[in-house]
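The following exercises concern a single protein model. Each task is followed by a solution that proceeds step by step.

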Amino acid sequence: DPGPDSDTNTRGVPNLLGRGMRDAVGLLEQTGYRAQVEGWGVAVNQDPPPGTEMPPGSAVRVRFDSPLQ
């Protein structure tokens, strides 16, 4: 029995780490979340972490940084 947390209508926050800004924001929008963007480059941090289940329309804060650093 998978239990009540296995509802197929709920999705966890996708893993955005290492993605470019356009890719990360697009993926969030596809999964029903809003992006709060900080910086530029590739995603180095996100809050909440990947897999966290949140209601559709919730904001996910994503910090981007230059891949050269």
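**Exercise 1.** Determine which residue just after α1 takes a positive phi.

Solution. In this predicted model, helix α1 comprises residues 21–30. Just after the helix, G32 adopts a positive phi of about 90°.

**Exercise 2.** Establish which residues of α1 are buried and how they are arranged around the axis.

Solution. Step 1: with buried taken as under 20% relative accessible area, A24, L27 and L28 of α1 qualify.
Step 2: these three cover an arc of only 100° around the axis, and therefore lie on the same side of α1.
Step 3: such an arrangement fits the general geometry, since an α-helix has 3.6 residues a turn, so residues three or four places apart point the same way.
Step 4: R22, E29 and Q30, on the other side of α1, are exposed.

**Exercise 3.** Identify what covers the buried residues of α1, and name the contacts of L27 beyond four places in sequence.

Solution. Step 1: the cover includes the strands β1 (34–39) and β3 (59–65).
Step 2: once neighbours within four places in sequence are set aside, L27 is in contact with P14, N15, L16 and R19.

**Exercise 4.** State which residues form the largest nonpolar core, and which elements give two or more residues to it.

Solution. Step 1: this core has ten residues, namely V13, L16, A24, L27, L28, Y33, A43, V60, V62 and F64.
Step 2: α1 and β3 are the elements that contribute two or more residues.

**Exercise 5.** Assess the confidence of the model.

Solution. Step 1: the average pLDDT is 88, and 84% of the residues score at least 70.
Step 2: over residues 1–8, however, the pLDDT is below 50, and this stretch has one contact in the model beyond near neighbours in sequence.

How values were computed: Residues numbered from 1 in each chain as written. Predicted model: local features only at pLDDT ≥ 70, side-chain atom pairs only at ≥ 80, totals over all residues. Heavy atoms only, no water. pLDDT = per-residue confidence, 0-100. Contact = heavy atoms within 4.5 Å. Buried < 20%, exposed > 50% of the residue type's maximum accessible area, 1.4 Å probe, protein only. Helix = DSSP H or I, 4+ residues; strand = E, 2+ residues; numbered from the N terminus. Arc of directions from axis to C-beta. Core = buried A, V, L, I, M, F, W, Y, C linked by side-chain atoms within 4.5 Å.
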